[in-house]
Amino acid sequence: MDIFAHFLWTFALFFKRKDRWLAGLFGILPDVASFGPHFILSFVAGTTIFGRPELSTIPGSVFILYNLTHSLVVFALAVLIIYFITKKIYWFITGWGLHVLIDIPTHTKDFFPTPFLYPFPQPFINGIRWSDSTFMKINYGLLVIVYGILIYWVLKNEKK
């Protein structure tokens with residue numbers, strides 16, 4: 001799924017919480033951490049390609065970071081390490097896990113399938129291509145409905 005939709009879905013799910021902005025940021029963390037450094041370097045070098053690039057043009061570091069940031073195993077380990085250090089569960093971090101769960105059915109096997117069990121062997125799910133125009137219309141249509149309900153709920157509660 002695209003980065004904006006990840007943020008919006010995570011923010012909506014955490015809407016009642018004070019840390020919803022942090023949850024939204026953790027909802028985009030896997031993509032920012034894996035694609036961000038390459039994008040910034042490409043932008044600075046003037047070699048940025050918008051749209052779907054050929055896999056052969058993407059450096060190996062992107063794939064390594066993608067495997068790490070899109071793994072529920074790595075996510076669970078990070079949550080456990082943070083818990084053992086702080087003795088607290090920071091719920092906003094679950095935006096990261098939500099990102100991975102959303103990506104599993106919205107990525108195809110041929111372009112960045114979601115390695116949700118990395119580093120263990122896994123079946124790659126051949127999902128819907130998130131950039132498919134029909135999927136995008138449905139996804140953003142649902143987001144408009146969800147945010148419409150949230151806005152209605154906020155306005156209704158402000159009147160009380």
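User: Hi! In the largest nonpolar core, which residues touch the most other members?
Analyst: Happy to help! In this predicted model, that core has 14 residues, and Met1, Trp9 and Tyr147 touch the most other members.

User: Which elements give two or more residues to this core?
Analyst: Those are helix H1 (3-13), helix H5 (94-103) and helix H6 (133-158). H1 supplies the largest share, 5 residues.

User: And what does Trp9 touch?
Analyst: Leaving out residues up to four places away in sequence, Trp9 touches Met1, Ile102, Asn139, Leu142, Leu143 and Val146. There is also a second, separate core of 10 residues, with Phe92, Ile93, Val100 and Phe116 among them.

User: Switching to helices: at what angle do H4 and H5 pack?
Analyst: About 170°, with the axes of H4 (residues 72-86) and H5 10 Å apart. Because angles over 145 degrees count that way, H4 is roughly antiparallel to H5.

User: Which residues meet there?
Analyst: From H4, Leu72, Val74, Phe75 and Ala78 meet Thr94, Trp96, Gly97, Val100 and Leu101 of H5. By type, the contact has 7 nonpolar residues, 2 polar and no charged.

User: Nice. How many aromatic pairs does the structure hold?
Analyst: It holds 15. One of them is Phe11 with Phe15, edge-to-face at 6.1 Å centre to centre and 75° between the planes.

User: Is Phe11 buried or exposed?
Analyst: Phe11 counts as buried, at 9% relative accessibility. Phe15 is buried as well, at 18%.

User: What about the rings of Phe26 and Phe92?
Analyst: Their centres are 5.4 Å apart and their planes at 50°, so that pair is tilted. Phe26 lies in helix H2 (residues 20-45) and Phe92 in the loop between H4 and H5, so the pair ties together parts 66 residues apart in sequence.

Key:
Residues numbered from 1 in each chain as written. Predicted model: local features only at pLDDT ≥ 70, side-chain atom pairs only at ≥ 80, totals over all residues. Heavy atoms only, no water. Core = buried A, V, L, I, M, F, W, Y, C linked by side-chain atoms within 4.5 Å. Buried < 20%, exposed > 50% of the residue type's maximum accessible area, 1.4 Å probe, protein only. Helix = DSSP H or I, 4+ residues; strand = E, 2+ residues; numbered from the N terminus. Contact = heavy atoms within 4.5 Å. Axes fitted to C-alpha atoms, helices over the stretch in contact; angles between N-to-C directions. Parallel < 35°, antiparallel > 145°, perpendicular 65-115°, else oblique. Nonpolar A, V, L, I, M, F, W, Y, C, P; charged D, E, K, R; others polar. Phe/Tyr/Trp six-rings, centres within 6.5 Å; stacked < 30°, edge-to-face > 60°.
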